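Hi everyone, thanks for making time today. Let me put the structure up, and then we'll walk through it together.

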Amino acid sequence: MEIQLWRDTLVPYELAVEELLVKFKHIIKEYRQSGKYSPIEGVQGRVKSISSILDKASRKGISLERVTDKMDDLAGIRIICQFVEDIEKVVEIIRNRSDMTVKEEVDYVYNAKPSGYRSYHVNIWYEVETIRGTQKIQVEIQIRTMAMDFWATIEHSLRYKYPRELPKITEGRLAASARAIYVMDNVMSDIREEVVDAQGYFQDKAAIVRDILNNIQNLHGGDSERDTAVKNIQNEFYEIFYSGDFEKLKEFGRQLDKLAAKRRIQDV
Ligand code: 0O2
């Protein structure tokens, strides 16, 4: 295939990756803005490089004309979760979306590959609008924990270093680290509730502080008497914040909300 043709062929895949990144990042934002724990920790995406396409096509005996039909990971999205339990939640989110049609699911989380690779793969059909019209393309979504991702990234680099066969000693070490990662994910699952609670607390605190500071900023202005009052409020905020008393901080935020609302009415 000519270089220009490769470029044209990959355009809808680039668009799909860009759109899907926006959509999955927005899911994270919606969860966090509504004060909920997001089962998605992070998301990455890429269009397979031409060099990797050529390698895989030759490895799998795929003719270059059939690459878009036969290679389902030209567009790839990787979703990183904190805990194994989150993976199922993310799969459920994908299954329920009207803009993604699940073509195939492969569970390498509970059925690890012989290499030790663990991940959940969901292959979807996804429609994009290009200047050539609507195109329905395949996208591979890999969903894995941070620990699984760590292992897969290291192992993937080593596979490039040793394209034929990994040295036995390296293979053994990778297998041992895959087992360690399996154990680590399980131990992390045992403390999931505590971690989710702690992260919720951190997010709540950040949101309360953000609202308090907005209110303080909006209260400023007018006369010097008012500015002195705002300064006192600010000092009270610092005192409560550094005392570490979260309940007191919440109450302070509530009182400040009321005061800000009252001031808004007076200012109208
Ligand atoms: P790259 O460079 O990441 O794009 P199949 O015929 O279905 O078994 P296929 O189509 O390769 O083979 O599907 P599979 O096995 O689900 O793999 C798809 C992708 O999953 C791979 O793409 C890797 O990204 C990842 N993957 C699968 N197995 C392994 C593994 O053992 N180690 C690591 N690190 N990643 C793996 P590519 O094209 O192989 O690679």
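So, where does the ligand sit? The ligand sits in the largest pocket. A pocket here is an open set of points on a 1 Å grid over the protein atoms alone, with protein on both sides within 12 Å along at least five of seven lines, and sitting in it means that more than half of the molecule's atoms lie within 2 Å of its grid points.

A word on the source: this is a predicted model, where local features need pLDDT of at least 70 and side-chain atom pairs count only at pLDDT 80 or more, while totals for chains, interfaces and linings use all residues. Residues are numbered from 1 along each chain as its sequence is written, and side-chain values use heavy atoms, leaving out hydrogens and water.

Now, who surrounds the ligand? There are 17 residues around it, and Lys48, Lys60, Lys113, Ser115 and Glu155 come nearest; to be near, a residue needs a heavy atom within 4 Å. By type, this shell has 9 charged, 4 polar and 4 nonpolar residues; Asp, Glu, Lys and Arg count as charged, and Gly is among the polar ones.

Helix H2 (50–60), strand E5 (133–145) and helix H5 (146–161) each give at least two shell residues, and H5 has the largest share, with 4. Helices of at least four residues and strands of at least two are DSSP runs, numbered from the N terminus.

Let's look at some polar contacts, meaning pairs of N or O atoms within 3.5 Å. The side chain of Lys60 has an N or O atom 2.6 Å from a ligand oxygen, and for the side chain of His121 that distance to a ligand oxygen is 3.2 Å. At Ala152, a backbone N or O atom lies 3.0 Å from a ligand nitrogen.

Conventions. Polar contact = N/O pair within 3.5 Å; in protein donor to acceptor, adjacent residues only side chain to side chain. 1 Å grid on protein atoms, 1.4 Å probe; cavity = no way out; pocket = protein on both sides within 12 Å on 5 of 7 lines; lining within 4 Å.
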